[in-house]
Amino acid sequence: MLWRLRYAALDFLVDNDGVWFFVDLNPNGQFGFAPDLRDPIATALANLLEGVPR
């Protein structure tokens, strides 16, 4: 497991030529800016961290 993390949010920038650049890795990234996805993401993360099988 990469850096022993069970969850991380990765930030990237994409230039005008479509080249992706890694910015940083956030072990507690935010997803609240996507209102329709808050509940499903929170549920999936909770299940992952609790070891609930898919």
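## A guided tour of the predicted chain

Begin with the whole protein chain in view: its radius of gyration is 14 Å, whereas a compact globule of 54 residues would have one near 10 Å. The radius is taken over C-alpha atoms, and the globule rule is 2.2 Å times the number of residues to the power 0.38. This is a predicted model, in which local features need pLDDT of at least 70 and side-chain atom pairs count only at pLDDT 80 or more, while totals for chains, interfaces and linings use all residues. Residues are numbered from 1 along each chain as its sequence is written, and side-chain values use heavy atoms, with hydrogens and water left out.

Keep the C-alpha trace on display. Along the principal axes, the C-alpha atoms fill a box of roughly 40 × 30 × 20 Å. Next, colour by accessibility: buried residues make up 7% of the 54 residues, where buried means under 20% relative accessible area, exposed over 50% and partly exposed in between (1.4 Å probe, protein chains only). Among contacts (heavy atoms within 4.5 Å) between residues at least 6 apart in sequence, 12% join residues at least 24 apart.

Switch to a cartoon. The chain has 1 helix and 2 strands, in the pattern β-β-α along the sequence. Helices (H or I, at least four residues) and strands (E, at least two) are DSSP runs, numbered from the N terminus.

Select Phe-12, Trp-20 and Phe-22, which form one aromatic cluster. Rings of Phe, Tyr and Trp (its six-membered ring) pair if their centres lie within 6.5 Å; planes under 30 degrees apart count as stacked, over 60 as edge-to-face and the rest as tilted. By this rule there are 2 aromatic pairs. In one, Phe-12 meets Trp-20 edge-to-face, at 5.6 Å centre to centre and 65 degrees between the planes. Phe-12 is partly exposed at 39% relative accessibility, and Trp-20 is exposed at 59%. Phe-12 also pairs edge-to-face with Phe-22, at 5.8 Å and 70 degrees. Phe-12 lies in strand β1 (residues 9–14) and Phe-22 in strand β2 (residues 20–26), so this pair ties together parts that are 10 residues apart in sequence. Phe-22 is partly exposed, at 48%.

Finally, select residues 38–50, helix α1. Its 13 residues reach 18 Å from first C-alpha to last, close to the 18 Å expected at 1.5 Å a residue; the expected span is 1.5 Å times one less than the number of residues. Extend the selection to Gly-51, which follows α1 and has a positive phi, near 80 degrees.
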